[in-house]
Amino acid sequence: MKRYESENELLAKEIFAASVDGIIIINDLGVIETINPSALAIFGYTAREVIGKNISMLMPKNHARQHDDYLSKYRTTREKSIIGKGRELEGLKKDGTIFPFRIALSEVKLKSKTIFTGFIHDISEQKQAENILLDLKEKLENKVAERTENLAQVIEETQFVNQQLQEEIVRRKDAEADMQSALKKELELGEMKSRFVAMASHEFRTPLTGILSSITLIEKYDAVHHEEKKQKQVDRIRSSVKNLTTILNDFLSFDKLQAGKIKCKAVHFDFTTYITDLIEEVSQLKKTGQEIELIKNHEVDEFFTDPLLLKNVLLNLFSNAIKYTGENKVITVISELDEKGLKVKVIDKGIGIPKDEQVHLFERFFRARNANNIQGTGLGLNIVQQYVKLMEGTINFESKEGEGSTFKVFLPFYNTQRTNTTDQ
Ligand code: ADP
């Protein structure tokens, strides 16, 4: 038994001496009774310097006070708030360095007294590593935050660039569409002009040949005996020149319309006087025995629109009625004028328009098959329709081949507020 005890003691001593952790034994007054080499190495003292001294010498001031408080509280209340628990504390080395350690404290009740053993584990390195980790973590977090911010900025910049690119694409598409439509217009105009040249060279030939033969005849007639015949040739020349002028005027109007240069310039004018003058002007074109009768179905005379545009419209309709109607026929013009606007009907008993071709009537260069041997450009009605539109009106017709045609124009009092009138 004795041998067993001394072996036990030996073992305890060995453990005490060889323990890597520091072991300090104090009494209930806090006086250090025993301290192992590891604890001495941790605190940097020799056994002689610490044994018999209060444990508080190994603690920084604030901890030392706490420890004293704790021991005195323990002595009076026996309340063991830290016994048996591991906790982290700070120690004070001989050289004044403060360092962190973990302590496991236990109370040992001997026969004569109570002692406390403290197992001390220096955690400076662990703390240091922890601090390094914390530091690294903080740095990492900062880096992540910084990167996130950079990324957000890059995303924002990318979005901005993307938006600008989108806008640029839209701009380019618009520009391309504009170019395409300009090109299309240009091509149309080019095609229209070459068609006009082809048409004009054909249409010019007839009046020019007419003029030439009339001049030859006039030269042959002597002044006294052939006065009447001479006058007939002069009239032929006049009519041919008028035809040429009409062709050129049609083309010029058409060109101006294409370029958007024609605008409605409305003024107030007396419509009755105006239409009477127009009929007189167009009467020069009448064929033998043709009559133009005007039926005026209104009391009011004042109207408001562009008189130049209207003149072009009505002259075109009147001259067509004359051109496409035979001799000795009556052409009737009916006018109605009230607060809604002006209605003009031009009724002829001429060749009419073949039913199957009527859909093309307002197309440029359209000429019905039954009009082949009558001079014309096929531009007049297209211009008429565009002019009527400029005056915010409408135009339609009824026709039966071989019986005649009726063209109806309606024009409102021009509303200057609705449309912007600028220079023609
Ligand atoms: P143009 O008379 O110079 O040929 P327009 O554009 O005025 O050109 O008319 C187009 C076509 O419509 C004419 O060629 C003709 O076939 C037909 N047309 C126009 N007005 C009449 C009408 N009053 N009677 C019969 N045909 C008409």
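This is a short talk on the shape, cores and selected residues of one protein model.

The model is predicted, so local features need pLDDT of at least 70, side-chain atom pairs count only at pLDDT 80 or more, and totals for chains, interfaces and linings use all residues. Residues are numbered from 1 along each chain as its sequence is written, and side-chain values use heavy atoms, with hydrogens and water left out.

I start with the overall shape. The C-alpha atoms fill a box of roughly 180 × 50 × 40 Å along the principal axes. The radius of gyration is 59 Å, where a compact globule of 424 residues would have one near 22 Å. That radius is taken over C-alpha atoms, and the globule rule is 2.2 Å times the number of residues to the power 0.38.

The protein has nine helices and 12 strands. These are DSSP runs numbered from the N terminus, with helices being H or I of at least four residues and strands being E of at least two.

On surface: the accessible area of the protein is about 27,000 Å², and 55% of that belongs to carbon and sulfur atoms. Areas come from the Shrake-Rupley method with a 1.4 Å probe, and for residues only the protein chains shown count as cover. Of the 424 residues, 34% count as buried. Buried means under 20% relative accessible area, exposed means over 50%, and partly exposed is in between, with a 1.4 Å probe and protein chains only.

Contacts next, where contact means heavy atoms within 4.5 Å. Taking contacts between residues at least 6 apart in sequence, 61% join residues at least 24 apart.

For charges, there are 61 positive and 64 negative, and their mean positions are 4 Å apart. Lys and Arg count as positive, Asp and Glu as negative, while His and the chain ends are not counted. Each charge is placed at NZ of Lys, CZ of Arg, CG of Asp or CD of Glu.

Now the cores. In soluble globular proteins, nonpolar side chains tend to be buried together. A nonpolar core here is a set of buried Ala, Val, Leu, Ile, Met, Phe, Trp, Tyr and Cys residues joined through side-chain atoms within 4.5 Å. Which residues touch the most other members of the largest core? They are Phe-271, Leu-310, Leu-314 and Phe-318, in a core of 55 residues. Helix H8 gives this core its largest share, eight residues. Leaving aside neighbours within four places in sequence, Phe-318 contacts Ile-275, Leu-278, Ile-279, Val-282, Val-333 and Val-346. There is also a second, separate core of 21 residues, including Tyr-45, Val-50, Ala-64 and Leu-105.

Phe-43 is in helix H2, residues 37–43, and is buried, with a relative accessible area of 2%. Beyond four places in sequence, the contacts of Phe-43 include Ile-24, Leu-58, Phe-99, Phe-101 and Ile-120. Phe-43 and Asn-415 are 372 residues apart in sequence, and their C-alpha atoms are 107 Å apart in space.

Two residues have a positive phi without being glycine. Asn-328, with phi about 60°, lies in the loop between helix H8 (307–323) and strand S9 (330–338). Phe-365, with phi about 70°, lies in the loop between strand S10 (341–348) and helix H9 (380–390). Are these residues buried or exposed? Asn-328 is exposed, at 57% relative accessibility, whereas Phe-365 is buried, at 10%.

Gly-378 is in the loop between S10 and H9 and is buried, with a relative accessible area of 15%. Not counting neighbours within four places in sequence, Gly-378 contacts Glu-363, Arg-364, Phe-365, Phe-366 and Arg-367. The C-alpha atoms of Gly-378 and Arg-367, 11 residues apart in sequence, are separated by 5.3 Å.

Gln-386 is in helix H9 and counts as partly exposed at 25% relative accessibility. Gln-386 touches Phe-254 and Leu-257, leaving out residues up to four places away in sequence. Between Gln-386 and Ile-211 there are 33 Å, C-alpha to C-alpha.

Ile-211 comes up again with Ser-240, which is in helix H6, residues 227–258. Ser-240 is in contact with Pro-207 and Ile-211, again leaving aside neighbours within four places in sequence. At 11% relative accessibility, Ser-240 is buried.

Last, Val-20 sits in the loop between helix H1 (2–18) and strand S1 (22–27) and is exposed at 73% relative accessibility. Val-20 and Phe-119 are 99 residues apart in sequence, with 9.9 Å between their C-alpha atoms.
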